[in-house]
Amino acid sequence: YSLPEFGITMPFAPAEFTQVNSDMNRLMVSRAMRLLAPQAGERIADFFCGLGNFTLPIARSGAQVLGIEGSEALVKRARQNAAYNNLAGNTEYRAMNLFEMDEPMLTTLGHFGKWLVDPPRDGAIELMKSINDETAPCRIVYVSCSPSTLARDAEVLVHVKGYTLKAAGVMNMFPQTSHVESIAVFDKQ
């Protein structure tokens with residue numbers, strides 16, 4: 001599929017996860033990019049990056065992006081997509097089990113000024129609990145397909161990690177179903 005407003009095309013195989021509602025996905029990526037506001041030279045992490053749905057638009061801004069995904073096959077596809085879009089120079093990908101994240105693992109990745117987090121329905125609680133003073137980004141844009149796990153993870157960010165919820169909203173990614181995509185922005189001074 002493609003994100004024409006970012007000049008990006010992402011080939012994928014039938015068994016690889018991708019957003020099926022391409023029109024809403026384009027709107028979601030555009031909104032997330034506005035909220036993240038990536039700048040050239042920034043170092044940004046994209047957790048649960050899949051095949052590069054957010055990583056590649058972030059990289060198009062000139063930022064240096066590390067995409068992390070649990071599936072080695074999706075990491076391979078993301079690397080291929082970065083090369084296909086001439087963005088291999090400012091993207092890096094790693095396969096890691098983000099459901100087993102802890103403070104030492106997160107620290108080994110180094111510091112990022114901003115994070116984009118787009119987990120599956122289980123959310124990203126271990127990642128959120130792993131944030132410490134050394135690894136805390138100034139902004140987290142959290143995209144979620146499960147409002148309940150977003151609320152659970154937001155509680156950790158706000159009440160334990162000292163973030164402020166700046167904005168939140170929903171997108172009707174799957175019309176005529178009960179499923180929505182949520183986007184929330186958390187800032188830390």
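This section describes helix 3, the salt bridges and the cysteines of a predicted model.

Helix 3 comprises 13 residues (residues 72–84), for which a span of 18 Å is expected at 1.5 Å a residue, and the end C-alpha atoms of the helix are 18 Å apart, in agreement with that expectation. The buried residues of this helix are L74, V75, R77, A78, N81 and A82. Seen down the axis of helix 3, these buried residues fall within an arc of 160 degrees, so they line one face of the helix. An α-helix has 3.6 residues a turn, so residues three or four places apart point the same way. The exposed residues A73, K76 and Y84 are carried on the face of helix 3 that is turned away from its buried side. The cover over the buried residues of helix 3 includes helix 2 (55–60), strand 4 (64–69) and strand 5 (91–95). Helix 3 is followed by N86, for which phi is positive, near 55 degrees.

The structure holds six salt bridges, among them one in which the side chains of E42 and K114 meet, at 3.2 Å from N to O. This pair links distant parts of the chain, since E42 lies in the loop between helix 1 (22–36) and strand 3 (43–47), whereas K114 lies in strand 6 (residues 114–117), 72 residues apart. E42 is partly exposed, with a relative accessible area of 23%, while K114, at 9% relative accessibility, counts as buried because its value is under 20%.

A salt bridge is also formed between E92 and R94, the closest N and O atoms of which are 3.0 Å apart. In this pair E92 counts as partly exposed at 38% relative accessibility, and R94 likewise counts as partly exposed, at 28%.

R152 forms a further salt bridge with D153, with the closest N and O atoms 2.8 Å apart. R152 counts as partly exposed at 32% relative accessibility, whereas D153 is buried, with a relative accessible area of 0%. D153 lies in helix 6 (residues 147–159), and, when its neighbours within four places in sequence are left aside, D153 is in contact with G123, A124, I125, M128 and Y142.

With regard to cysteines, the count of disulfides comes to zero when sulfur atoms are required to lie within 2.5 Å. C49 is buried, with a relative accessible area of 4%, whereas C138 is partly exposed, with a relative accessible area of 41%.

How values were computed: Residues are numbered from 1 along each chain as its sequence is written. This is a predicted model: local features need pLDDT of at least 70, side-chain atom pairs count only at pLDDT 80 or more; totals for chains, interfaces and linings use all residues. Side-chain values use heavy atoms; hydrogens and water are left out. Buried means under 20% relative accessible area, exposed over 50%, partly exposed in between (1.4 Å probe, protein chains only). Helices (H or I, at least four residues) and strands (E, at least two) are DSSP runs, numbered from the N terminus. The expected span of a helix is 1.5 Å times one less than its number of residues. The arc is that of the directions from the helix axis to the C-beta atoms. Contact means heavy atoms within 4.5 Å. A salt bridge is a side-chain nitrogen of Lys or Arg within 4 Å of a carboxyl oxygen of Asp or Glu.
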